[in-house]
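Student: I have a model open and would like to work through it. Can we take it one question at a time?

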Amino acid sequence: MEKLTVVKVGGKIVEDETTLTQLLKDFGEIEGSKVLVHGGGRSATKIAADLGIESRMIGGRRVTDTTMLKVVSMVYGGLVNKNIVARLQANSINALGLTGADMNVMRSHKRAPKKVVMEDGTEEMVDFGFVGDVDKCDGKMLSNIINNGIVPVMAPLTHDGNGNLLNTNADTIAGETAKALAPYYDVTLMYSFEHAGVLKDPENEDSVIPLITEKSFKELKKDGTVNGGMIPKIENALDAVRAGVKQVIITKADAIDGQHGTVIK
């Protein structure tokens, strides 16, 4: 099968001129077909503040009411997405910016209120508003685009089929995209962020764990080596592997060559 790489890059990377320039250069050098999935939360928070709109975060997740939905739709689907697309075109990469609503590529349902452990350790039922949990991704539609030599650039927005956009976690978008494309390609999913990989010691960038399996993940979670936001990231990665993705690599944004970081398989 043809090789395909799905790269997810966080908002912290795409919103900085220097790191974005390097990321897009490295992305262009990846062999085979590819897809880019991006975040943009910091830009959304800044623009919301400029508009006098307060951002509310619970457990690292954004609460998306009607007003905030307008902001994230403009920022993710417009400002950030189209900036990346334009920059890729300048690098001779024929890119197409997409939300989940475009061509019905990714459909979700509105997340029901759920219990969340608060900072003080108590549990509280939280309604995250217009936040989407993915139901399906159309891998065939995406493969048709890719087979025509076009690189999809996915924004973290989906839709519910009833005319509503939904704010959707970019890691989830990347994972669902990779899983949907696994029947058509030999897929590697890369989560790129500010660290060299999953670290044994958070203060030591040289302490990268080279390989994590389902068995070793349980042990790393039990002894506290893996904790916080890294837990759902690895859980998503293992879920993607179980669904047919060849491997998942968690690595630094300037090391998306497939030779660095933590491999999950």
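Student: Where in H4 is the kink centred?

Tutor: Keep in mind that this is a predicted model. H4 covers residues 66-90. The helix bends by about 35°. The kink is centred on asparagine 81.

Student: How far apart are the end C-alpha atoms of helix H4?

Tutor: Start from the expected span. At 1.5 Å a residue, the 25 residues of H4 should span 36 Å. The distance in the model agrees with that. The end C-alpha atoms are 35 Å apart.

Student: Which residue with a positive phi follows H4?

Tutor: Look past the end of H4, which closes at residue 90. The phi there is near 65°. The residue is serine 92.

Student: Which helix gives the most to the largest nonpolar core?

Tutor: That core has 40 residues. Val6, Met154, Leu189 and Ile234 touch the most other members. The top contribution is 6 residues, from residues 230-242. That is helix H8.

Student: How many residues are in the other core, which lies apart from it?

Tutor: Its members include Val7, Ala48, Ile84 and Ile256. In soluble globular proteins, nonpolar side chains tend to be buried together. This second core has 34 residues.

Student: Is threonine 251 buried or exposed?

Tutor: Threonine 251 sits in strand S15, residues 247-252. Its contacts beyond four places in sequence include Tyr191, Phe193, Ile256 and His260. Its relative accessibility is 0%, and the cut-off for buried is under 20%, so threonine 251 counts as buried.

Student: Which residue's backbone oxygen does the side chain of threonine 251 reach?

Tutor: A polar contact needs N or O atoms within 3.5 Å. Here the distance is 3.3 Å. The partner is alanine 255.

Student: What is the radius of gyration of the chain?

Tutor: The chain has 8 helices and 16 strands. For 265 residues, the globule rule gives 18 Å, and the chain's value is close to that, so it is as compact as a globular protein of that length. The radius of gyration is 18 Å.

Student: What percentage of contacts between residues at least 6 apart join residues at least 24 apart?

Tutor: Take the setting before the number. The C-alpha atoms fill a box of roughly 45 × 45 × 35 Å along the principal axes. Of the 265 residues, 49% count as buried. For the contacts you ask about, the share is 69%.

Technical notes. Residues are numbered from 1 along each chain as its sequence is written. This is a predicted model: local features need pLDDT of at least 70, side-chain atom pairs count only at pLDDT 80 or more; totals for chains, interfaces and linings use all residues. Side-chain values use heavy atoms; hydrogens and water are left out. Helices (H or I, at least four residues) and strands (E, at least two) are DSSP runs, numbered from the N terminus. Buried means under 20% relative accessible area, exposed over 50%, partly exposed in between (1.4 Å probe, protein chains only). A polar contact is a pair of N or O atoms within 3.5 Å; within protein, one must be able to donate a hydrogen and the other to accept it, and residues adjacent in sequence count only if both atoms are side-chain atoms. Contact means heavy atoms within 4.5 Å. The expected span of a helix is 1.5 Å times one less than its number of residues. The bend at a residue is the angle between axes fitted to the seven residues ending there and the seven starting there. A nonpolar core is a set of buried Ala, Val, Leu, Ile, Met, Phe, Trp, Tyr and Cys residues joined through side-chain atoms within 4.5 Å. The radius of gyration is taken over C-alpha atoms; the globule rule is 2.2 Å times the number of residues to the power 0.38.
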